Amino acid sequence: MASYTLSINGKQYEADVAGDTPLLWYLRDHLGLVGTKYGCGIAQCGACTVHVNGAAARSCTLPVSSLTKAKITTIEGLSEKGDHPVQQAWDEVDVAQCGYCQAGQIMTAAALLQKNPHPSETEIANTMHANICRCGAYHRIREAVKLASNKL
């Protein structure tokens with residue numbers, strides 16, 4: 001087993017894991033950062049979305065060995081007090097139902113707004129469509145992303 005230095009939420013970690021260990025499992029099992037969820041395990045649902053160098057990425061298929069020079073941000077690192085504009089908008093719109101997919105949804109939305117602070121409704125829909133919500137809260141998700149874009 002090798003050791004990999006990872007930068008996660010502004011801190012450095014030495015990951016003593018097999019190089020093909022998915023980032024998701026390192027976050028959850030080794031660091032206790034359980035905000036990032038396991039959904040499908042094949043990068044299709046978006047529940048495991050984190051930021052890698054500011055871009056939304058699916059942590060369930062990202063091997064730890066590929067991330068030694070990356071800046072990784074999880075939902076726990078998005079803001080210290082949970083007051084990121086996207087998180088505030090999620091609260092205001094009351095998006096969550098079961099909540100399982102919400103961390104991944106929020107991370108995808110935050111990456112979109114970082115890249116494009118004022119996306120069109122089509123851009124929001126195109127970006128968010130790959131994150132699956134089993135409760136079907138898609139209308140409120142799009143509404144929250146639009147609200148967050150007005151707060152930036």
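**Two pockets and two helices**

Let me begin with the second largest pocket, whose lining consists of G54, A55, A56, R58, T108, A111, L112, K115, T127, A130 and N131. Please bear in mind throughout that we are looking at a predicted model. The space in this second largest pocket comes to about 170 Å³.

Which elements give two or more residues to this lining? They are β4, residues 55-58, and α4. Of these, α4 provides the largest share, with four residues. In terms of chemistry, the lining of the second largest pocket comprises five nonpolar, four polar and two charged residues.

I turn now to the largest pocket, which holds about 230 Å³ of space. Around this pocket stand H51, N53, G54, K71, T73, L78, H84, A110, L113, Q114 and L152. You will recognise G54 here, since G54 belongs to the lining of the largest pocket and also to that of the second largest pocket.

Helix α4 returns as well. Both β5 (71-73) and α4 (102-115) supply at least two residues each to the lining of the largest pocket, and α4 gives the most, namely three. As to character, this lining divides into six polar residues, four nonpolar residues and one charged residue.

From the pockets, I move to the helices, starting with α1, which spans residues 23-30. Which residues of α1 are buried? They are L23, L24, Y26 and L27. These buried residues pack against four strands: β1 (2-8), β2 (11-17), β3 (49-52) and β5. Strand β5 thus appears in two places in this account, as a packing partner of α1 and as a contributor to the lining of the largest pocket. Just after α1 comes G32, where phi is positive, at about 70 degrees.

The other helix I wish to present is α3, residues 85-93. Its buried residues are P85, V86, Q87, A89, W90 and V93. What do the buried residues of α3 pack against? Their partners are α2 (75-78), α4 and α6 (138-151). After α3 we find D94, which has a positive phi, near 60 degrees.

To close, I would draw your attention once more to α4. This helix gives the most residues to the lining of the largest pocket, and the largest share of the lining of the second largest pocket also comes from α4. In addition, α4 is among the elements against which the buried residues of α3 pack.

Terms used. Residues numbered from 1 in each chain as written. Predicted model: local features only at pLDDT ≥ 70, side-chain atom pairs only at ≥ 80, totals over all residues. Heavy atoms only, no water. 1 Å grid on protein atoms, 1.4 Å probe; cavity = no way out; pocket = protein on both sides within 12 Å on 5 of 7 lines; lining within 4 Å. Points joined across faces, edges and corners; volume = space filled by probe spheres on them. Nonpolar A, V, L, I, M, F, W, Y, C, P; charged D, E, K, R; others polar. Buried < 20%, exposed > 50% of the residue type's maximum accessible area, 1.4 Å probe, protein only. Contact = heavy atoms within 4.5 Å.
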